[in-house]
Amino acid sequence: MYNKIMPNQSLSKIFHEIALYLEMQNVDFKPQAYEKAAQNLETLSEDVEDVYKKGGLEVLEEIPGIGKGLAEKIEEYIKTGKIKEYGELKKKTPVEIAELIAIEGVGPKAVRDLYKHLKIKNLEDLEKAAKTGKIRELPRFGVKSEQKILESIEFLKKSNNRFLLGDIFPRVRNIKNRLRELKSAEKVEACGSIRRQKETIGDVDFLVASDNPKEIMDFFVSLPGVVKVWGKGATKTSVRTRNGFDMDIRVVPKESFGAGLQYFTGSKEHNIVLRKIAIDKGLKLSEYGLFRGAKMLAGETEEEIYHLLGMDYIEPELRENQGEIEAAIKSKLPELIELSDIKGDLHCHSHWGADAYGRTGKKIIEEMAKEAIALGYEYVGISDHTKFLHIEHGLDEKQLAEQRKYIDKLNSKFQIQNSKFKILRGCEANIMADGSIDIKDESLAKLDYVIAGVHSQMKMTKEKMTERIIKAMKNPHVDIISHPTGRILKQRDEYEIDFDKILTVAKETGAILEINANPYRLDLNDKNIRKAKEIGIKMIINSDAHQPEQMRFMEYGVSQARRGWAGKGDIINVWPADKMLSMLK
DNA sequence: GCTATGGATAGCCTAGCATCCCAATGCTA
C-alpha cells in the first residue's frame, strides 16, 4: 500500500484545506462535500492515480463523495501536480490554516478575522499576538479566548515533533519490507521507540546486517518522500522525510546485529542499567557486542546477550527500566498477550442511524463481520453511539431494537453457512454529567453487552468526574467503560479523575476497563494498564473502528497492553464468545 | 459539490456550550 507515495494523502490534505477556506467564506454545503471527499481519499486503499489511469474520470466518480467536479480536480492534480482553485484561495488568504485550527477554540472564522486584523499567518504569529495582548482587543475575542489560545499552544509544544505510532508504523513496516527485499540485506529491523511500540515516535533507527553497505545506503536515500540527507556514510545515514520525520539507518556486520538491535532499541534508561550489570560482571556491552576484554562473547542475537548477563530475554515493549530487568533476573517476567490471542472486537461502529461514507449501517455490519472473520476472530460486537450523541446519529431505544433484530437475522445467515462466527449486539452509551446512562434500562438489558463512555462535558472537577464514572460502573447493565481517561493524543489531556478510586470500584463491581486501540486514544495507556493488572482488574482491547478497515487498529491496542505487562489472563477478549460474555456482569 | 430521484432540482449531520456582549455566533462532540 505504501510502495510509493500515493497522491491520495496529498490530495486529501488539499481538499481538507479547501473545505476550511470555503467555510471561512461562509460558503454553504461545499465544505462538507470537500471534507467528505478528503476523508474518503485518505482511507481509499487504491491509488487514485491508478484508478484514474485505469478508467479515467468515470471511474473516479465511483469513489464515494467524488462527483464530476472533484473528479476533474483530481485529474488536474494528477496531470499538473496542483489545483488552481486551491492556489487562488491560498493566495487570497495566505495562512497556515490547518496548523491554526489545531488550536482549541480557533476555527476557520477566527483564522479569517485574525488574518484580517492582525495579519496572523501561522502559530508563531498567533503566539506573539496573544502574548502581547492584541487578541483580546479584537471583536468576538476577549481575555478568556486569548488565554485559551496560549494554553493550547503550550500543549501543542509539549507534544510536538513526536508522531503518532499509528501514523508512522505502517510506513516503517513498509520500508522494512522493502529493505528486506534487497539482496545484500541479511537482516533488517526497525529499532528505537517504534520497536518498543511507544504511543508516539520521535524518529526511527533502521538496523541492517550486511557486508555491502553501499547498496543499502543508496537505496535508503532514494526512498520516495526523502527530502533531505543529513549525512551519508558507510555505517550510518540520516534523512528527513517530507512530513518532517527523521530516519536513520545503520549497517552492521551480521555478528553484531543482535547487539545493535539491543543498543538501538533502548530505552536509554534500560540500556544504562544493562551496561552497569555488564561492568559488574567484568564485561563490556556496546552496540557491537558483549565483550570480555577484546574477546566477543555474544552479539549476533539479543537473546544470547540477555542470557549471558544472567537474565531472561526481555520483550522490547518492556524495556523502559520499570522493573523489567529485576523481573528478568528472577525469571518473573509475565507472558505477554499477543495479537493472535485476540478472538473478537466489541467496539465497532456501524453508523446505523447515518449513511457513512456512502455505506449504510447494514452494509457496514456485514463488512465488519467479514473483516473480523478475515482477522481470524470468532465474534465482532456492534456498539453504536446512543441518542445523546446527535452528531454521530446516536441510536434511541427503538433504533437499537431494530438493529438488534437485523443482527439476529444476519447471525442466522452465518449459521446456515455452518460458521461458528457470531455478531454480538451492544452499544456505546453515553455517561451523562450526573453519571446516568442515556438509554433506558430495559433496552440495555436486551443487549449482549453494554459499553458506556464519557463523550461530553469533560471539564469537570476531579471529584465530580470520578463520581460520574463510578455511578456508571455501578449501573448493573454497564459492562465496559470505554476510553476511561478520555485523552486524545496531541490534542487533549486526560480528564481529571481519581484513577485509583476508579480501579477500586471496577474491582467491586466487575466493570471491565477498555484498552482503546485507536492510535489517537490508546486509552488506557501503558501505566494505567499495569496498575489495573496489579489490582486484578480485567480489561478488554477494542479497536473503536468507525470503518471496517480500522478494526486493524487492534494491534496498537495489543502493543499497549504488552507495554502494560498484560498477559492473556488480564484481557477478556482472548476467550470464545460464551466465556467472554460470562465474564461480564 | 455530491447524491438522490421528478433528470433539473431539492436537500445536505445537530445541539449544547462558551464567549462575547447582552442576541448571536462559532466551536466542538
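Here is a short chat about the sheet, its helices and the surface near DNA strand B in a predicted model.

User: What makes strand 6 and strand 7 a pair?

Analyst: Two strands pair if DSSP finds at least two bridges between them. Strand 6 (residues 236–241) and strand 7 (residues 246–252) have five bridges, in the antiparallel sense, so they count as paired. As one example, T237 has I249 in strand 7 as its bridge partner.

User: Where do those strands sit in the sheet, and what is the strand order?

Analyst: The order is 2-4-7-6-5, five strands in an open sheet with mixed pairing.

User: Why do strand 2 and strand 5 count as edges?

Analyst: Strand 2 (187–191) and strand 5 (226–232) each have a single partner strand, so one side of each lacks a neighbour in the sheet. From one strand to the next, the twist averages 20°.

User: Which strands does helix 10 touch?

Analyst: Helix 10 (residues 165–181) packs on the sheet against strand 2 and strand 4 (203–209), and its direction makes about 160° with that of strand 2. Helix 11 (residues 213–221) lies across strand 4, strand 5, strand 6 and strand 7, at about 10° to strand 6.

User: What makes a residue part of the surface near DNA strand B?

Analyst: Its C-beta atom, placed from the backbone, has to lie within 6 Å of the strand. There are 33 residues around DNA strand B, and G67, G69, L70, G107 and G142 come nearest. They divide into 13 nonpolar, eleven polar and nine charged.

User: Which helix gives the most to that surface?

Analyst: Helix 4, with four residues. Helix 2 (30–43), helix 4 (68–80), helix 7 (108–118) and helix 9 (143–159) each supply at least two.

Note on methods. Residues are numbered from 1 along each chain as its sequence is written. Chains are lettered from A and ligands numbered from 1 in the order in which they are written. This is a predicted model: local features need pLDDT of at least 70, side-chain atom pairs count only at pLDDT 80 or more; totals for chains, interfaces and linings use all residues. Axes are lines fitted to C-alpha atoms, for helices over the stretch in contact, and angles run from 0 to 180 degrees between N-to-C directions. Two residues are in contact if their C-beta atoms, placed from the backbone, lie within 7 Å. Ala, Val, Leu, Ile, Met, Phe, Trp, Tyr, Cys and Pro count as nonpolar, Asp, Glu, Lys and Arg as charged, and the others, Gly among them, as polar.
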